[in-house]
Amino acid sequence: MPTPIVLDCDPGHDDAIALLLALASPEVEVVGVTTTYGNQTLEKTTANALRVLELAGRSDIPVAAGADRPFRRELVVAAHVHGESGLDGPVLPPPRTSSVAEDAVAFLARAARERGPLTLVPVGPLTNLARLLGEHGTEGIERVVLMGGAIGEGNITPAAEFNVWCDPEAAQRVFSSGLDVTMVGLDVTHEALLGPAEEKRLRAVGRIGTFVAELNVFFSEYHRRTYGWDGAPIHDAVAVAHLVRPGLVETQFRNVEVEVDSELNRGRTVVDRWNRTGREPNAHVAVALDRDAFFDLLVERIASLG
Ligand code: BDR
Ligand code: CA
């Protein structure tokens, strides 16, 4: 039986690739997509989720729009990375379909009730999930596999990764929820660098592969400018791959706390890797990725979408 999942996302180039990987993977059933502000405004990320589902011929999957801003912080979007549309690069028509009337939190609560035990895959800021926990608790949620955080350096600031930095209070609520949480952070997603060799492999496998390669061309521009890398880390797809193919990502069960007070370290995920604090472990933290096996899986699965 495939694992029922909801992808909570802010597409976003790597979010789009994560969604396509999930759609192509028989190990999981995408029972819905919920959206959040993040890489762009909520309006744009929701339109992008619909556009990607239409491209893949999967408009049967409901999209529920969620938070348009963090709990207590100002709204900041990552247009400098993902462009004005949030999905700049390949030309996609505007969506023909619409999101459902239910908001993301109501949708998640109902999906947990009706389709649980459910695995949530949040790959954007954690506002929707924190609201779900606050309003409905953890019932029906079996597991959370999130892309966010870092043991080491951040990306939006030296101290913090973008998704956690956007809404640190929400992230702290997730880490302290008592749920089975896996944190797939920058320490491993920066290993998932999609470069020209993988773009070539993707272009060779068909229409969706070509779309992914074209997304990556745009996504790589920021990473070339900033880090000098010849490619882009497709962060969010690593969280999906971890679910689909256990063993690709190595994890350690450790304590993670989120910095919510300091401005300098806002959103830093403090990971007690060497058990120095005596605090109880609360998350499976990704520490290594089998990069070659990850890209083999991605190319094979994207090929199956035609
Ligand atoms: C995360 O931030 C977003 O820009 C990406 O989609 C990913 O989820 C990486 O820090
Ligand atoms: Ca994302």
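Student: Which protein donors does the calcium ion (ligand 2) have, and how far from it do they lie?
Tutor: Keep in mind that we're looking at a predicted model. Asp10, Asp15 and Asp236 give OD atoms, with Asp15 listed twice, while Val123 gives its O. These donors of the calcium ion (ligand 2) lie at 2.2 to 2.7 Å.

Student: How are those donor residues spaced in sequence?
Tutor: Two of them show the spread nicely: aspartate 10 sits in the loop between β1 (3–9) and α1, and valine 123 in the loop between β4 (118–122) and α5 (127–136). That pair links distant parts of the chain, 113 residues apart. Written out for the donors of the calcium ion (ligand 2), the spacing is D-x4-D-x107-V-x112-D.

Student: Are aspartate 10 and valine 123 buried or exposed?
Tutor: The cut-off for buried is under 20% relative accessible area. By that test, both aspartate 10 and valine 123 are buried.

Student: Okay, now the empty space. How much lies in the largest cavity?
Tutor: Searching the whole structure for cavities of 30 Å³ or more turns up one. The space in the largest cavity comes to about 270 Å³.

Student: Which helix gives the most to the lining of that cavity?
Tutor: The lining has 23 residues, and Val81, His82, Asn155, Phe162 and His235 lie nearest the centre. At least two lining residues come from each of α1 (13–23), α3 (79–82), α6 (162–166), α10 (207–227) and α11 (235–244). With four residues, the top giver is α10.

Student: What classes of residue does the lining have?
Tutor: Sort the lining of the largest cavity by class and you get ten nonpolar, eight polar and five charged residues.

Key. Residues numbered from 1 in each chain as written. Chains lettered and ligands numbered in written order. Predicted model: local features only at pLDDT ≥ 70, side-chain atom pairs only at ≥ 80, totals over all residues. Heavy atoms only, no water. 1 Å grid on protein atoms, 1.4 Å probe; cavity = no way out; pocket = protein on both sides within 12 Å on 5 of 7 lines; lining within 4 Å. Points joined across faces, edges and corners; volume = space filled by probe spheres on them. Nonpolar A, V, L, I, M, F, W, Y, C, P; charged D, E, K, R; others polar. Donors = N, O, S within 2.8 Å, 3.2 Å for Na, K, Ca; no water. Buried < 20%, exposed > 50% of the residue type's maximum accessible area, 1.4 Å probe, protein only.
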